[in-house]
Amino acid sequence: MSDEFGPNFVSVTDEDGQELVLEYVASIELDGQEYRAFFPAETEGEEEDPDTGLVILKLIEENGEELLSTCDSEEELERAYDVFMEMLYEEDDEDGED
């Protein structure tokens with residue numbers, strides 16, 4: 001993880017070696033594991049991909065360094081996704097109140 005783009009953006013490399021710039025949204029702790037949610041940063045000249053949405057990565061420690069990693073299973077990803085969506089919808093509801 002690099003703070004090259006500022007505190008709200010990170011640059012990660014996927015398993016195909018492609019660099020992705022993600023915008024940080026929120027963090028949660030679930031069953032003792034920290035997860036972070038991101039949205040892909042839009043860049044000029046690229047068409048918007050309809051499959052692009054919330055990206056959830058978990059924080060792991062390897063050799064004393066914090067790294068972002070994909071979830072180990074679909075079930076783990078779905079549980080984290082559900083918690084993030086509930087949290088984000090609650091924030092939207094609070095913002096809409098007068």
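These are my notes on the charged side chains of this structure, which is a predicted model.

**Entry 1: counting salt bridges**

I began with the oppositely charged pairs. How many salt bridges does the structure hold? I found four, and I followed three pairs, including D31 with R79.

**Entry 2: D31 and R79**

I looked up D31 and R79, whose side chains meet in a salt bridge at 2.5 Å, N to O. D31 sits in the loop between β2 (19–30) and β3 (33–40), while R79 belongs to helix α1, so this pair ties together parts that are 48 residues apart in sequence. Then I checked the surface values for both partners. D31 has a relative accessible area of 61%, so I noted it as exposed. R79 comes out at 41%, which makes it partly exposed.

**Entry 3: K58 and D72**

Next I went to K58. Its side chain meets that of D72 in a salt bridge, 2.7 Å from N to O. This pair also links distant parts of the chain: K58 is in strand β4 (residues 55–62), D72 is in the loop between β5 (65–69) and α1, and they are 14 residues apart.

Is K58 buried or exposed? At 7% relative accessibility, K58 counts as buried, because the cut-off for buried is under 20%. D72 is another matter: at 66%, D72 counts as exposed.

**Entry 4: K58 again, now with E76**

I stayed on K58, since the side chain of E76 meets it in a salt bridge too, at 3.5 Å, N to O. E76 lies in helix α1 and K58 in strand β4, so the pair ties together parts that are 18 residues apart in sequence. With K58 as a shared partner, salt bridges join K58, D72 and E76 into one network. I also looked up the cover on E76: its relative accessible area is 12%, so I wrote it down as buried.

**Entry 5: the negative patch**

Last, I turned to the surface. Which residues gather in a patch of negative charge there? My list reads E74, E75, E78, D82, E86, E90, E91 and E94. I picked D82 for a check and found its place in helix α1, which covers residues 74–96. D82 has a relative accessible area of 48%, so it is partly exposed; exposed would need over 50%.

**Entry 6: what I keep from this**

Helix α1 kept turning up in my notes: R79 is in this helix, E76 lies in it, and D82 has its place there. For K58, I keep in mind that it is buried and joined with D72 and E76 in one network.

Technical notes: Residues numbered from 1 in each chain as written. Predicted model: local features only at pLDDT ≥ 70, side-chain atom pairs only at ≥ 80, totals over all residues. Heavy atoms only, no water. Patch = residues over 30% accessible without salt bridge, like charges linked within 9 Å, V, L, I, M, F, W, Y side chains within 5 Å. Areas by Shrake-Rupley, 256 points an atom, 1.4 Å probe, with all protein chains shown as cover. Lys, Arg positive; Asp, Glu negative; His and termini not counted. Charge placed at Lys NZ, Arg CZ, Asp CG, Glu CD. Helix = DSSP H or I, 4+ residues; strand = E, 2+ residues; numbered from the N terminus. Buried < 20%, exposed > 50% of the residue type's maximum accessible area, 1.4 Å probe, protein only.
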